[in-house]
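Subject: A structure for you to look at

Hello,

Here is the structure I promised to pass on. Have a look at it first, and then read on for what turned up.

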Amino acid sequence: MTRLRSLRQGERANAALAWLLAGALVAVAVASALAGDLAWALLALALAVPVAAPAVAARDPTATVPWPLALTAVAAVAGPWVGLPSELAGYLAVAAFATLAVVDLVAFTSVDLSRRFAAVSVALTTMAAQAVWSVAQFYSDVWLGTAYIPSKAELQWDFVAATAVAAAAAGAFLWYAGRFERAGPRGDPPRRTGAP
């Protein structure tokens with residue numbers, strides 16, 4: 001199995017960008033809360049957790065996820081503020097959360113996953129997180145009087161769309177993680193095969 005430890009970033013520039021982006025996630029959460037969108041604020045805060053968790057756990061401010069992954073999370077939750085449809089932004093935010101969670105798992109713990117299994121984990125975590133997000137939306141509708149879930153049919157289509165986004169996120173993870181595979185034992189580049 002290929003270890004994905006090389007996804008771990010420790011450079012000061014990467015850490016500075018990752019912390020800046022974690023701050024942006026908190027800023028989006030505050031702005032969403034002030035605008036009255038508590039569910040979106042909670043989602044933005046949930047995205048900040050896997051960005052900051054490795055550094056907090058390691059007590060090393062440079063132990064951060066790669067900044068492009070943190071940027072993906074910020075782009076997803078800030079999307080509605082710049083005109084991205086909120087449904088699409090929600091799917092992307094959930095996929096970003098799943099990707100960050102899997103990267104934290106394989107890069108900062110003793111868990112050893114192959115690249116393909118990690119990609120499947122991204123897809124399954126995306127679908128599971130979408131289910132949790134749907135439950136949160138339901139209870140928001142019940143307790144706070146929002147209207148996130150107008151009908152059962154729309155909820156079912158949300159799950160279909162989330163599954164499609166999960167497959168796309170898994171493919172993107174395969175591509176991204178493939179860029180970080182270590183060279184072979186003699187410095188040979190990683191072998192490329194016909195299958196991803």
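How far does helix 5 reach from its first C-alpha to its last, and what is expected at 1.5 Å a residue? With 30 residues, helix 5 reaches 41 Å, close to the expected 44 Å. Please keep in mind that this is a predicted model.

**The overall layout**

The chain is built from six helices and has zero strands. Read from the N terminus, its elements run α-α-α-α-α-α. Of its 196 residues, 42% count as buried. If you take the contacts with a separation of 6 or more, 76% of them are between residues 24 or more positions apart.

**The core**

The largest nonpolar core holds 49 residues, and L25, L47, V77 and F173 are those with the most contacts inside it. At least two residues of this core come from each of helix 1 (12-34), helix 2 (38-58), helix 3 (67-78), helix 4 (86-108), helix 5 (115-144) and helix 6 (152-178). The biggest share is from helix 4, which supplies twelve residues.

L47 is a good place to start exploring. Setting aside its neighbours within four places in sequence, L47 is in contact with L25, A73, V77, A93, A96, F97 and L100. Two of these, L25 and V77, are also on the list of core residues with the most contacts.

**Helix 4 against helix 5**

The axes of these two helices come within 8 Å and cross at roughly 130°. Helix 4 and helix 5 are therefore oblique to each other, and the crossing is right-handed. On the helix 4 side, the residues that meet helix 5 are Y91, V94, A95, F97, A98, T99 and V102. Their partners in helix 5 are A118, S121, V122, T125, T126, A129, Q130 and W133. Just after helix 5 comes G145, with a positive phi of about 75°.

**Helix 6**

The 27 residues of helix 6 should span 39 Å at 1.5 Å a residue, and this agrees with its end C-alpha atoms, which are 39 Å apart. Its buried residues are D158, A162, V165, A166, A169, A170, F173, L174, Y176, A177 and G178. What covers them includes helix 3, helix 4 and helix 5.

**Two residues to click on**

The first is W40, found in helix 2. Is W40 buried or exposed? Its relative accessible area is 8%, under the 20% cut-off, so W40 is buried. Beyond its neighbours within four places in sequence, W40 is in contact with V28, S32, A76, V77, P80, S86, A89, G90 and W133. W40 also lies ten residues from V30 in sequence, with 9.8 Å between their C-alpha atoms.

The second is D104, which is found in helix 4. D104 has a relative accessible area of 12% and is buried as well, because this value is under 20%. Which residues does D104 touch, not counting those up to four places away in sequence? They are P50, A53, P54, V65 and T109.

If you have only a few minutes, I would suggest starting with L47 and its contacts, which include A93, A96, F97 and L100. After that, turn to the place where helix 4 passes helix 5.

Enjoy looking around!

Best wishes

Methods: Residues are numbered from 1 along each chain as its sequence is written. This is a predicted model: local features need pLDDT of at least 70, side-chain atom pairs count only at pLDDT 80 or more; totals for chains, interfaces and linings use all residues. Side-chain values use heavy atoms; hydrogens and water are left out. A nonpolar core is a set of buried Ala, Val, Leu, Ile, Met, Phe, Trp, Tyr and Cys residues joined through side-chain atoms within 4.5 Å. Buried means under 20% relative accessible area, exposed over 50%, partly exposed in between (1.4 Å probe, protein chains only). Helices (H or I, at least four residues) and strands (E, at least two) are DSSP runs, numbered from the N terminus. Contact means heavy atoms within 4.5 Å. The expected span of a helix is 1.5 Å times one less than its number of residues. Axes are lines fitted to C-alpha atoms, for helices over the stretch in contact, and angles run from 0 to 180 degrees between N-to-C directions. Angles under 35 degrees count as roughly parallel, over 145 as roughly antiparallel, 65 to 115 as roughly perpendicular and the rest as oblique. A crossing is left-handed if the near helix is turned anticlockwise from the far one by less than a right angle, and right-handed if clockwise.
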